[in-house]
Amino acid sequence: MLSAIAARKARLKDSTPLEPSSPPKTASPVQPSSEPVPHAKPSKPSSKRKQSIQSASPSTRKKQRKASFKGRKDGESARYFAAQRVESDSFEETGDGQVDSDVSMASDDDEGAVLDLVPVVTPRKDSQKRAWSPSRPLLDSSDEDESLPHGAGATSRRSQFDPERVVLSTFRPIQDQNSFSLSSEELGSVGLSSDAAVVLILSPTDTLSLLGPYQLTVLRGSVSLLGVTLHPSQTHQVFACRSSPIPTLEALAERGESSRVESVAIPSRIRPAVRDSDSVVVLQELKSGIEGLGRVVRTFNGIFSPSRYGQTDSIPLAISGVHLLDQPSRDIQPFYLPHTWEAALSLACPPSPSQAGEAMLTPPVTLIRGPKNSGKSTFARTLLNRSTMRYRKVAYLECDLGQSEFTPGGMVALTIIEKPVFGPPFTHPTLPHQAHYIGSTSPRTSPSHYLSAIQALIYTYRLDIQYATSLVDDQETEGADDGRISDVIPLVVNTMGWTKGLGADLSYKVEELIEPALIIELDAPSYDQSWSKARPTAAGTPSTGKSNIQTIEAISSSILSTRFTASDHRASSILSYFHAVFSPSLASGTVKQVAASAWNTALPLCAQVPYEVDWSSAVDRVCLLGAGTEDVVPSEILRVLNGAIVALVRANPDADGDILPNAAASGETATVDIVPYIQGSAPPNPSMSTTLGLALIRAVSSSPSRLHVLTPVPSSLLGQCRVLVKGEMEIPIWGMLDFRSEGDIAGVERSAVPYLKWGKGEGIGGERRRVRRNLMRKGQM
């Protein structure tokens, strides 16, 4: 090692010209030191393998081997270690002040690549573009159950936040100066409830990030929240938790005419502290029971309170359960709206009627597409919220079976939204206007049924919803003169993230059925840049027809994607649905938003009182969906239904025998102890049926014929559900546990509870089979 160091110093001396005025420097022998030598820069190879000018003339083969080794190591360093910090070179510290020129150049290159966390993709040498293919290698996976690793994504994605520089809240509450606690009399004077409330006076450009559930009411001015501008209007519910980006409330300096009008009178003792450019908001407690969902799903326990990493950066307010956040921490990420998203939102939902053009007469239809983990659901929710500020009602078509926004996973649904939603999907479960149950988190096993269900929902929107002429008499008197458009109902479509192979073919079929006027595409480049991004055409006509395609950047992955997986979010959504409380009186076919008003998390599902259903008279048909279900014989159907999640389907009573088969039509004897099930029967036709909700069959009995059913669907609609459809989805493991005790479930030891097993599976086939779908063909490498 000493001879190599001396040779390097001699080479540096010979290659660096000396100044005439400076005396020549002689190389002194290097003495061995007991101190540890600093680590060398990772992008440099070992000095033993590096060529030296003083070395003897090696053979040609040795030269080639050393040159190839050097080039390979440099390439690997630039690809995999670009994000590491550049350490000082050991030769610079042991020498006499000379710096190698290629060392400084490598340092400059590495410093510029600190934020590049994506493997560098080398384009193909040939200039010819390969033909478009739905199976081209993307930064995506067709496996719907797995998430991309942290840092994987588009090369255009960049680090959007620096935890050391970002300040979540510039607003500092000072009691009786910009923060006032309201008394009971003052709460009544402003028309609010008697719960605890605080008034905050925000100066222009002030930001405020809060953690926890709360109610927000704007009294004066305008504020921005999750990309939506709020004026003095109704009260909004905000659910800020650590499992999703934290919403930031920002006071706007530029305000419209509506923001200068106070919705209610500000109390007299607060009015002197308010300036003309200030915005005044009221924060109230929100007691809905959603905080107890962490007891049910232990993965989400404590997400509405600061973690141990952010205890010092949170300031408790006068409202119980709400904390003011000052700095981001390891598990808190603020919401970020890229500039390209703002331009696309303005195009999809113009801010003024003059820019809307024909949108006043034609309901706009916007479709969002892109790969997994690119931000489709976040953008769709932002567009939906902004549309509710302009339209009285907005329709939302969910085509993503794995990550549904308003319903549990496994179904495509058409939902009517009237108010903006501020929170992750499990905080706003909503009964759909019409839905169809697919029974899986991916349409891989039933693609034709998936397309038929979406086609039926599109027909329902075009025939019954989009022009809303029959809904004028049903408009509520509250907010009837708020200036929002009520003649048309726009449509926002969220598609799935399976963008390769069969998933790509299904996505194109969905676009042909919907015929959107605007397509928002979240861009994610492929590993191989030689693949063409142009879509296939039929007779020279693009498959998107007259659609306007707007490409926006995909958001980068964050630490939240590693802490909470896709399966965790599905578990929270489905258990939030079963613990939700909806309005008990609901008219069938009402075109209005029916969201959960509270959550009953005081009791686990195993301790709640179920409905008792006589399946011999109340159930007309039982249907099974999914691979392998055609092998279930009628004698085993009760065992299949025990502990299963089923869809409550309302079918057209005038349908033919294929839609509602019965035992007599199939040649079987109609007895009370035979379940109306036909082996291998097709699911209900989507054009003649609709799914009203999901139910959990907690127990079955053959004598007498009884089912114990748990469902949040209002009792006024249960009498219409006479068809049960079971798919591949099962109740999450958290839904089977009793969080009131650790050792038993409803008084029974866990080891004695059926259908519940802890630990790894035993025997052949006990473990879950993992299938890799990210292997590339030889021609794609």
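In this predicted model, Cys-241 is a buried residue, and its relative accessible area is 0%. Cys-399 also counts as buried, with a relative accessibility of 1%, because a residue is called buried when its relative accessible area is under 20%. A disulfide is a covalent bond between the sulfur atoms of two cysteines. The number of disulfides found in this structure is 0.

Burial can also be followed along a whole element, and helix H9, which covers residues 376-388, offers an example. This helix has 13 residues and spans 18 Å from its first C-alpha to its last, close to the 18 Å expected at 1.5 Å a residue. Most of H9 is covered, since 11 of its 13 residues are buried, and among them are Phe-379, Leu-383 and Leu-384 as well as Lys-376, Arg-381 and Arg-386.

Further along the chain, the reader can trace an open sheet of 6 strands, arranged in the order E24-E28-E27-E26-E29-E25 and with mixed pairing. Strand E24 (611-613) and strand E25 (621-624) stand at its edges, and because each has a single partner strand, one side of each is left without a neighbour in the sheet. From one strand to the next, the twist averages 40 degrees.

Within this sheet, strand E26 (residues 645-651) and strand E29 (residues 723-726) run antiparallel and are joined by 4 bridges; Ala-647, for instance, has Val-725 in E29 as its bridge partner. Helix H13, made of residues 566-578, lies across E26, strand E27 (689-701) and strand E28 (706-710), and its direction makes an angle of about 80 degrees with E27.

How values were computed
Residues are numbered from 1 along each chain as its sequence is written. This is a predicted model: local features need pLDDT of at least 70, side-chain atom pairs count only at pLDDT 80 or more; totals for chains, interfaces and linings use all residues. Side-chain values use heavy atoms; hydrogens and water are left out. Two strands pair if DSSP finds at least two bridges between them. Helices (H or I, at least four residues) and strands (E, at least two) are DSSP runs, numbered from the N terminus. Axes are lines fitted to C-alpha atoms, for helices over the stretch in contact, and angles run from 0 to 180 degrees between N-to-C directions. Contact means heavy atoms within 4.5 Å. The expected span of a helix is 1.5 Å times one less than its number of residues. Buried means under 20% relative accessible area, exposed over 50%, partly exposed in between (1.4 Å probe, protein chains only). A disulfide is a pair of cysteine sulfur atoms within 2.5 Å.
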